[in-house]
Amino acid sequence: MTERVRWADLPAVLKRAIEARTGRITRTEEVPEGLNCSLALVLDTQRGESVFLKGVRTSSHADRAGLLQEQQVNSLVSELGVGPGIRHSFECEGWHCLAFAYVRGAHANLGPASRDLPAVASTLQRVQEAPPPRLPLPRFAERFAAHLRPDEAEALGGPYLLHTDTNPHNLMIEATSGVAYIVDWAMPALGPAWIDVAYTAVRLMECGHTPEAARAWLADFSAWRSAEPAAVETFVNVVCRHWIATVGERDAEPSNARFRSLLV
């Protein structure tokens, strides 16, 4: 996890640049979740509004690339109503910053019988049903290039917008409306429409659902019902190869077993 920088430790010039856009900051709160941003703060302002400030150092090329991709897809994400919109974007004092509308609520509970599950499903459905974006985003298959066999890349092709990391920390339930929002779009991709719900079903299993219950949840999505079995098998096999290469066969097995449960 990237080391986080507190508001008190930011350069004075950067603080002034932020307040020039948001108004005077009256309270700050550090956000511990997330892996790739050095700056993650909820800022309350004198105007009575709150923003989520996310920033990376411009010298960190990989982190900045993720933030630029998140910025690139944000207009579509916010237009669909599946993620908060960006209020301000700027660079200052070696930082690239995005200030988002703040979703006041809690991370989604993906456990069995959770009341958040219908809201999460509704939001994922809206993403699936969106027209393919005309954006130069990475292809999903490219992420697994080192683990793809020659005949497998085509099975993971598709034109649909994917988030690719729908873990509970990236799913927010707005306190008043109960609407689910998907946050942290730093790893978007284009691919088959069913990929995000497949990933989410694995998260359901991580949170206590049986494989049978996770597959029943998946069956409500038309994109999953129409997915080619061979494509799903390719997805599972490639992800399993990736995790074995990353952490070793023994450590990868619990997660890989959940992915294989998608095939039963």
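Which residues is Thr123 in contact with, leaving aside its neighbours within four places in sequence? In this predicted model, the contacts of Thr123 outside that window are Val82, Ala180 and Ile182. Thr123 belongs to helix H3, which covers residues 117-129. Its relative accessible area is 2%, and because buried means under 20%, Thr123 counts as buried.

**The sheet**

Five strands make up an open sheet. Their order across the sheet is E1-E2-E3-E5-E4, and the pairing is antiparallel. Strand E1 (25-30) and strand E4 (86-92) are the edge strands, each pairing on one side only. From one strand to the next, the twist averages 25 degrees.

Within this sheet, strand E3 (residues 50-57) pairs with strand E5 (residues 95-101) in the antiparallel sense, and seven bridges connect the two. One position can be followed across the pair: Gly55 has Cys97 in E5 as its bridge partner.

**Helices across the sheet**

Helix H1 (residues 12-22) lies across E1, strand E2 (39-45), E3, E4 and E5. Relative to E4, helix H1 runs at about 155 degrees. Helix H2 lies across E3, E4 and E5, and its direction makes an angle of about 35 degrees with E5.

Helix H2 spans residues 61-80, and His61 lies in this helix. Is His61 buried or exposed? With a relative accessible area of 64%, His61 is exposed, because the cut-off for that class is over 50%. His61 and Arg27 are 34 residues apart in sequence, and their C-alpha atoms are 30 Å apart in space.

**Salt bridges**

Side chains of opposite charge can pair when their charged atoms come close. How many salt bridges does a search of the whole structure find? The search finds eleven. Three of the pairs are set out here, with the distance between N and O atoms.

| Salt bridge | N to O distance |
|---|---|
| Asp9 and Arg6 | 3.0 Å |
| Arg27 and Asp44 | 2.7 Å |
| Arg260 and Glu253 | 2.3 Å |

The salt bridge between Arg27 and Asp44 links distant parts of the chain, with Arg27 in strand E1, Asp44 in strand E2, and their positions 17 residues apart in sequence. The two partners fall into separate accessibility classes: Arg27 is partly exposed at a relative accessible area of 39%, whereas Asp44 is buried at 15%. The class of Asp44 follows from its value of 15%, because buried means under 20%.

In the salt bridge of Asp9 with Arg6, Asp9 is partly exposed, with a relative accessible area of 47%. Arg6 also counts as partly exposed, at 44% relative accessibility.

For the pair Arg260 and Glu253, the relative accessible area of Arg260 is 36%, which makes this residue partly exposed. Glu253 is likewise partly exposed, with a relative accessible area of 34%. Elsewhere, salt bridges that share partners join Arg27, Glu29 and Asp44 into one network.

Conventions:
Residues are numbered from 1 along each chain as its sequence is written. This is a predicted model: local features need pLDDT of at least 70, side-chain atom pairs count only at pLDDT 80 or more; totals for chains, interfaces and linings use all residues. Side-chain values use heavy atoms; hydrogens and water are left out. Helices (H or I, at least four residues) and strands (E, at least two) are DSSP runs, numbered from the N terminus. Buried means under 20% relative accessible area, exposed over 50%, partly exposed in between (1.4 Å probe, protein chains only). Two strands pair if DSSP finds at least two bridges between them. Axes are lines fitted to C-alpha atoms, for helices over the stretch in contact, and angles run from 0 to 180 degrees between N-to-C directions. Contact means heavy atoms within 4.5 Å. A salt bridge is a side-chain nitrogen of Lys or Arg within 4 Å of a carboxyl oxygen of Asp or Glu.
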